[in-house]
Structures are given as structure tokens and as C-alpha cells.
Amino acid sequence: MSFAKEVKKEVLKNTLKSRHCNMAFMSVLIKNYGRIVENSGQKSLVISSDNEDIIRKCFTMLKKIYNIDIGVLSKGNSFYIEISDEITIQTILQGMKMWHDNKPDIPKDGVISSLLIPKMCCKRAYLSALFLCQGQITDPAKSYHLEIVTSSEKESEQVKEVLEAFEISAGSTLRKNQHLVYIKDGTVIVEFLNVISAYVSLMNLENERIIKEIANDTNRRVNFETANLVKSINTATKQIMDIELIEERLGLDSLPDDLRQMAIVRLEHGDAPLAELGGYLTPAIGKSGVNHRLRKITKIADELRGTQNS
Ligand SMILES: [Zn+2]
């Protein structure tokens, strides 16, 4: 299951206690999936979607808020609720502030009445429903991106305003004629998931973030160690070439005793680090002493090469 689906599933599972919160949530469902259908003079409120879970959620909430006798029907790939009683339609839409001048007025610009979201709890419910119906989130293993597709610039403004109430600042843009509100920062996405009470998804995202950070850290360390290893192997290889050159041209016996001993130890322990090499000498010397002697050997070899070149 995609991460977006997981978040939506969690939103669907959460139940809202208060009537005001249920109204805020429901208003988003109705503005997205509700429409008035007229059939030979008979007006019905039809709420339909190909997402059965969403229509079932609608069904549960309408029953809870209005205690009405409805059912979920299906036709092809579509699931729907049909309410034909005029008084009930009016009651529902008036509750959603979508009834004006004595007729239904489901907003086309996607903006809901601010009267539906006066409290923080209702704002949370509104954002949950928005994410459920209009939201997308990228798998956090890949990147951090959350967006809400809105119907108009006015709706984008409303979404951003509600987010601001939770100190979440989001960007907005127009992409392919769609007004989008988006969040690209991992920390802010975590805050958003917290606001919409998607706690399981929040934990999963945090785990992913930790795994990512550890992976980056390990990579950095491995690269660092690899670089050091390559460097020391290169140095040792160069030292051995130097010693072999001296041996070939002058013979190792030509070297002062300390350098000759050093050269022999280096040849015998080709991949040993400097500190270890010092331990093979009698008397044993430290890393800087080894370094000093090897540099002298390199200098002699470089002079030999210089002689050769001239
Ligand atoms: Zn509320």
C-alpha cells in the first residue's frame, strides 16, 4: 500500500466525537462528492465516488449527525448515497451552509463557510477530510512532498489560512490549471500528520527519516574510511617502489643502518600502517619516527629518478 493510502486509511478509521467536528468533516465530503440531481421534477442530493470507503464514511456520519434512514448503493464502479426527501436535503445543506436564497448552493470554488470551522478541533477535522479527498503524499522513503489539490485560488487561500492556525506554513502554486497547496519539508509534514491525527503514519514517517539519516551517516563514514584506506595503500605502494629502486640502483647496503632496517621492514610488511611498522624495528620507534625515515628513503629515490631523468 502506498504511504498516501495508509494515511487516508488512518483518517477514515478515526472517529470524531463532537457534532461540530463531524459537520466540518462532512462539509468537505459534500463539496467534493455531492451534487443535486433532478429527475422528472424530483430533486435528489447524490453523494457519489468510486471510493467505497469514502461513501461508507459519509453514510456513517450522516446517520450520526441527522439520524436519517439511508443506504449505500452501487452502480458500476461507483458507490453512492441518494437522498430524495426535500426537507432532509434542506436540513443537511443548511447545516453545511450550502443553502442560500432558498435553494441548494454547493460551492464550486471549494470554499466552505468559516462558520463551520470556528474551533481548532473543527479545523483539524476539516484538514483531515481535505487530505482524504484532495490530498497526496509521496512515499517518505523517496522524498518529502505533501499536496492538496484545490478548486480555486480562494480555496488555496482558505487551506493555507487554516494551516496557519496550527503554525504550518505551506506554499501554493498553479500547476496544469490546478491550484495546489504543498509542503516539502519533512518536519512540517510530520506536524501536518499530527494535526490530522494520523499518528501511525507519523511514526512510520519518523522511522523512515531515522533510517535515512543513519544511512547518510554510515555512507559518510564508509566513504571517509575508504578514502583513508586508498590513501594509505597508495603511500605504501609508492614507498615500496622507492625502496625497490634504491635496491636496484645502489643496493640496500648503501643506506645508513636505520634507513636500511626501515626499508627491509617496509618490504616485509607492505600493507602495515606506520605505527605498526615502528614495532618491527629494534629498538621500536613511534609513528613519526617511521614517517621521518620513510621520507628520507623517498627523498633518496626521488634524487635517483632525478639523476636518471637528467
Ligand atoms: Zn469541533
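Which strands does helix 3 (residues 52–66) lie across, and at what angle to strand 4 does helix 3 run? Helix 3 lies across strand 2 and strand 4 (78–83), and its run makes about 20° with strand 4. The model here is a predicted one, with local features requiring pLDDT of at least 70 and side-chain atom pairs counted only at pLDDT 80 or more, while totals for chains, interfaces and linings use all residues. Residue numbers start from 1 along each chain as its sequence is written. Helices (H or I, at least four residues) and strands (E, at least two) are DSSP runs, numbered from the N terminus. Axes are lines fitted to C-alpha atoms, for helices over the stretch in contact, and angles between N-to-C directions run from 0 to 180 degrees.

On the domain level, the chain is assigned domain 1 (3–197) and domain 2 (220–309), with bounds taken from an automatic or database domain assignment. The C-alpha centres of the two domains sit 74 Å apart.

Now the sheet. It is open, with 4 strands in the order 1-2-4-3 and antiparallel pairing; strands pair if DSSP finds at least two bridges between them. Strand 1 (34–39) and strand 3 (73–75) are the edges, each pairing on one side only. From one strand to the next, the twist averages 40°. Strand 1 is joined to strand 2 (residues 42–49) by 6 bridges, and Gly34 has Ile47 as its bridge partner in strand 2. Helix 2 (residues 19–33) packs on this sheet, touching strand 1 and strand 2, with its direction at about 100° to that of strand 2.

Helix 2 also meets helix 5 (residues 120–134). Their axes come within 8 Å and cross at roughly 25°, which makes the pair roughly parallel (angles under 35 degrees count as roughly parallel, over 145 as roughly antiparallel, 65 to 115 as roughly perpendicular, the rest as oblique). Residues are in contact if their C-beta atoms, placed from the backbone, lie within 7 Å; among those involved here are Phe25 and Leu29 of helix 2 and Ala125 and Ala129 of helix 5.

Helix 1 (residues 3–13) is the other partner discussed for helix 5: the axes come within 9 Å and cross at roughly 135°, so helix 1 and helix 5 are oblique to each other. Val7, Lys8, Val11 and Leu12 of helix 1 make this contact with Ser128, Phe131 and Leu132 of helix 5. Ser128 turns up in the helix 2 contact as well.

Key: Contact = placed C-beta atoms within 7 Å.
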